[in-house]
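Please open the structure in your viewer and keep the sequence beside it. The tour below proposes one selection after another and says what is found at each stop.

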Amino acid sequence: MSMSGSSPVPNSGSPGLARARLLRRVSEADIAVVIAPAGSGKTHLLQQHATDYGDGVAWYRADPDDIDATRFMRRLEGVAAAAPRTLIVDDFHFVVGGPAESAFERFALPGPTGGPDRPRIVLGTRVRPTMNLMRAEIGRVALLSGDDLRFRCWEVEELFAVVYGRPLSPDDAAALSRHTDGWAAGLHLFHLGTQSLGAGGRRAAIHALSGRSRYLQGYLAKTVLGELPPELCEFLRRTYVFETVTASRCDRLLGRTDSAVLLAELERRQALTSSDDDGHSYRYHEVLRQHLASALRTELGAVAAARWCERAAAQLEAEQAHAEAARLYARAERWGEVTRLLRSHGARVVGDPQSSVWCEGLPTTVVDQDPWLSVATARRAVAAGDPRRGSQHYRHAEQLFTEPDHRDSVARERRLVDIWLDAPPRPELHWLDRLRAMTMRRPLDYVEVDIGGAGDYFVRTCALLLAGRIRDANHPTRWPVGAPPSPLLDLWEQFAGVLAALVCGEDVGTRIEHLACDAEQAGVGILVRQCRALTMLGTVCGPTEVVGESDAIGDRWGATFAAGVAALQALLAGERSAPLWRSVVERCVALRADTLEAWALAFAALAALADADAGADSLPAPAEAFARKVGVPGARVIALLAGAGRSDSAAAGRLAAARALAAEIGMPLPQPLVDRVCGAEPSATTVVMEIPSGDAELRVRCLGAFSVAVDGAALDWRTLRPRAGMTLRYLSMRAGRWVHRDDLVAALWPDLSTAQARQNLQVTVSSVRRFLQPGIERGKSTLLVRQGETYSIVLAGDSVADVVTFGAAVEAARVALQAGDEDGVYRAVTDALAEYRGDLLPSDGPAEWVVAERDRLRIQAALAATTLAELELRRGNAVSAIEALQRGLTLDPYLDRAWRLLISAYQRVGDLAAAEHTRRDYAGMLRDLGVQPEQPVTVAPGPVRTERGPGTSPRPRARSATG
């Protein structure tokens, strides 16, 4: 038995699967709370987080005796006495709801001396804490639930291959994930029980899993049900029959009135019970449902248990929940009732998102004899990426239907599948026809379609992507009012948006993970695989693994996409990729997808040049001609870029043409490929200069806009790759200061491991150095300098940066204000306001790394404007004071003193109407803050106060310019 309290990080004996998507969320928070049932992998996740952080981690494991607040806090403070950077408290559920939790909440708040140096806190608990985690003082909070910890199908596959050394096929991994609902304990117990079996034995064990499994019964009985009161256990056994559990359903089925209380208690105890809508409905974990079904059969007998399911199904049918009722009748093996429901409500039953998974578990004889179940099976095959098998099941359903309307409806649905096989598309009939047609040629013909529904929005996004108008495609979708997309269409639109953002250089790792999770839950296997292909970029096995999986399933379109991603990865990595691109071309030809073929031919020409293949010079021209013929300007850009790699007199002209066409259509030029094929030729808009032997003169502007000039020549920073541009701007806004590499890594590469991010940083900094000083020798840069583990934009000689000039003026105003030098204050604040030409780096929008500094400088400028107004009023310049105050309130509308001064200034110039209007605006601002407006100020301002000047920090409420 392990001891509680202060201890080294416990060793599980296995490193487990590193789950970056979870570890990233924990590491980004000031307080992270992992709330999940027993067996969800909480402690393992905390161990991995502790290992990642290395030294400076203190581990505390609570126990039942810690309900004593004095004991708990004494032991906890003893652990924290070593001033760890991170404090991990496991089994926090033992203190939830008692005085010890209240004491911990006070401990977690920044203290009067500890302040921002208090450790980061990570809690592992089975029960949701009752303390207020939304307090602003706590900082950033991350809550991870049991659903977050659930292993996705691709994680199950990786777990068994990498950690357990017992690889599963993608289908088996998906089935095991579905049977266990991704529950960590269920997966581990299955591994322990089957590790001596061969691949065939494990496959049979997966498909034989049920609630009677010996791998799960003992664990569930001990760790979940064994900790619950008998009443809750009985309640679970009787209500497992509902997929969506509500208090009203349970009350009707059981004839009681307190189900809401019992469900809330089950969720509070994290008894594999969760709610996604704040307690309106609940869901039991699938593993628990299987176990409860087995337990009910043991308690009542098979006949009585089936009768109980039938009773609940009749209740669901009365509620018009026909799909759930049909599945419950099937669980009870009441096939006559299933058939009856399908005949009367087949479209509704089959249209339910769960129908495809449900059909998989039904007897083949039942599915093959029912037209609606055949339709569900067809849809499942299509979603998995096998349209040929889906078409076969649609045809079988057509033969089974006797009603002409149903038969015609299924035939129309089948036709939309057949266009992805061999049938010709008919663009006038359906948006899917238009989508298929644009894969064949001229995607720009479908950009200006009449928007008639959500599908037309998706068609437009795909047309922009296929044509190469990437920047136009990279925007949030605004679905038509009154015509929301189906869940499936929304997933595909998100995928198109991810592709556009990825090509534009954005970090999309988190978006891809979330999309893959949603696609898995929706049963869209083809989309799950494409997300995996993107996430595997840069990995050892790479997207080629997804190509094999897709081919095995019959997903020709998905295999072609994954093959293209794999070829692109090899090309960008400098590896031999021409054979891979030739294979992609062959796949596109087999699909009759000329638009995709144009892209593949262009990249194949580029890859052949990069690989120095014989005859490579002959490939760019026909690739460019084919792209022109089928109307794909983006592919023409790549083909022209390939032509620019030829060693002839026209190479420079082709590069210029590629740049011009890319700028015209809004396609980011792949700079790494330009560098590789064209010998790192600089952009036509980049100024090439001779670096003088002494220090170069640098001028950087970050306020209002970003610009950079060296020795008087403006540089076009937009030619940098997105990450390099961000690095330049990040260092520029801190010009003259040393920035630690870990700060750069945390701001610009938050999704990568530390080692990978640091490697990217080195490459990126080198790129920025070459941009600022082309041709400079290694280690000779005088503008971007490294010192140990820090970097700096150096301002030597006559170099200037507006943020530095502004900050110096603000500091001069503060010093003069303290010295009582009114003229000095006036000069300094005037200089500061002249330098402040707008917000800091406005083009970077709400990026986390710039927002806090932008707000700080904006408030400093607002305070400087208010101080200037005070001085102008003292000198009798009320009109100038009004101008300064209006500017200050534009920058910060919560400056209390500025409002009062503006009212007084209007009164001085006799503009009583403006004074009254300002007084009302001021009162409205106070009401917005929840402050009762006082009587308006009508007296002239007093002397300049010294308690607070333009350099002070903002306060999170109505601000006063003078204290």
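What follows is a walk from the whole chain to its cores, then to helices and single residues.

This is a predicted model, in which local features need pLDDT of at least 70 and side-chain atom pairs count only at pLDDT 80 or more, while totals for chains, interfaces and linings use all residues. Residues are numbered from 1 along each chain as its sequence is written, and side-chain values use heavy atoms, with hydrogens and water left out.

**The whole chain**

Begin with the entire protein chain in cartoon view, where there are 45 helices and 15 strands; these are DSSP runs, numbered from the N terminus, with helices being H or I of at least four residues and strands E of at least two. Of the 963 residues in the chain, 52% are buried, where buried means under 20% relative accessible area, exposed means over 50%, and partly exposed lies in between (1.4 Å probe, protein chains only). If you switch on the surface, the accessible area comes to about 43100 Å², and 52% of it belongs to carbon and sulfur atoms; such areas come from the Shrake-Rupley method with a 1.4 Å probe, and for residues only the protein chains shown count as cover. Among contacts (heavy atoms within 4.5 Å) with a separation of 6 or more, 64% are between residues 24 or more positions apart.

**The cores**

Next select M438, L527, W581, F603 and L606, which are the residues with the most contacts inside the largest nonpolar core, a set of 92 residues. A nonpolar core is here a set of buried Ala, Val, Leu, Ile, Met, Phe, Trp, Tyr and Cys residues joined through side-chain atoms within 4.5 Å. Helix α32 (residues 594-610) gives this core its largest share, 11 residues. Apart from this core lies another one of 83 residues, and L728, A809, Y836 and A864 are among them.

**An enclosed helix and its neighbours**

Now move to helix α23 (residues 431-438): is it enclosed or open? Seven of its eight residues are buried, so α23 is largely enclosed by the rest of the structure. The buried ones are L432, D433, R434, L435, R436, A437 and M438, and their cover includes α22 (404-418), α24 (454-467), α30 (556-572), α31 (578-591) and α32.

Just before this helix, select I419, which is found in the loop between α22 and α23 and is buried, with a relative accessible area of 0%. Leaving aside residues up to four places away in sequence, I419 touches P424, P425, L432, D433 and R436. I419 and A437 are 18 residues apart in sequence, and their C-alpha atoms are 9.1 Å apart in space.

Two of the covering helices, α30 and α31, pack at an angle of about 160°, with their axes 9 Å apart; axes are lines fitted to C-alpha atoms, for helices over the stretch in contact, and angles run from 0 to 180 degrees between N-to-C directions. The two are therefore roughly antiparallel to each other, a label for angles over 145 degrees, whereas under 35 counts as roughly parallel, 65 to 115 as roughly perpendicular and the rest as oblique. In this pair α30 passes α31 in a left-handed crossing, meaning that the near helix is turned anticlockwise from the far one by less than a right angle, with clockwise being right-handed. Residues of α30 including W557, A563 and L571 meet residues of α31 including W581, V584 and L591.

**Two further helix pairs**

Continue to helix α40 (residues 802-819) and helix α41 (residues 822-835), which pack at an angle of about 160° with axes 8 Å apart. That makes α40 roughly antiparallel to α41, and the crossing of α40 past α41 is left-handed.

Then select helix α43 (residues 878-891) and helix α44 (residues 896-908), whose axes are 9 Å apart at an angle of about 150°. That makes α43 roughly antiparallel to α44. The contact is made by A878, I882, L885, Q886 and L889 of α43, and on α44 by residues including W899, L902 and Y906.

**Two loop residues**

Most residues other than glycine have a negative phi, and most peptide bonds are trans. Finish with E333, which has a positive phi of about 60° although it is not a glycine. E333 lies in the loop between α16 (322-331) and α17 (335-351) and is exposed, with a relative accessible area of 58%. A612 also has a positive phi of about 60° without being a glycine; A612 is placed in the loop between α32 and α33 (620-630) and counts as exposed at 66% relative accessibility.
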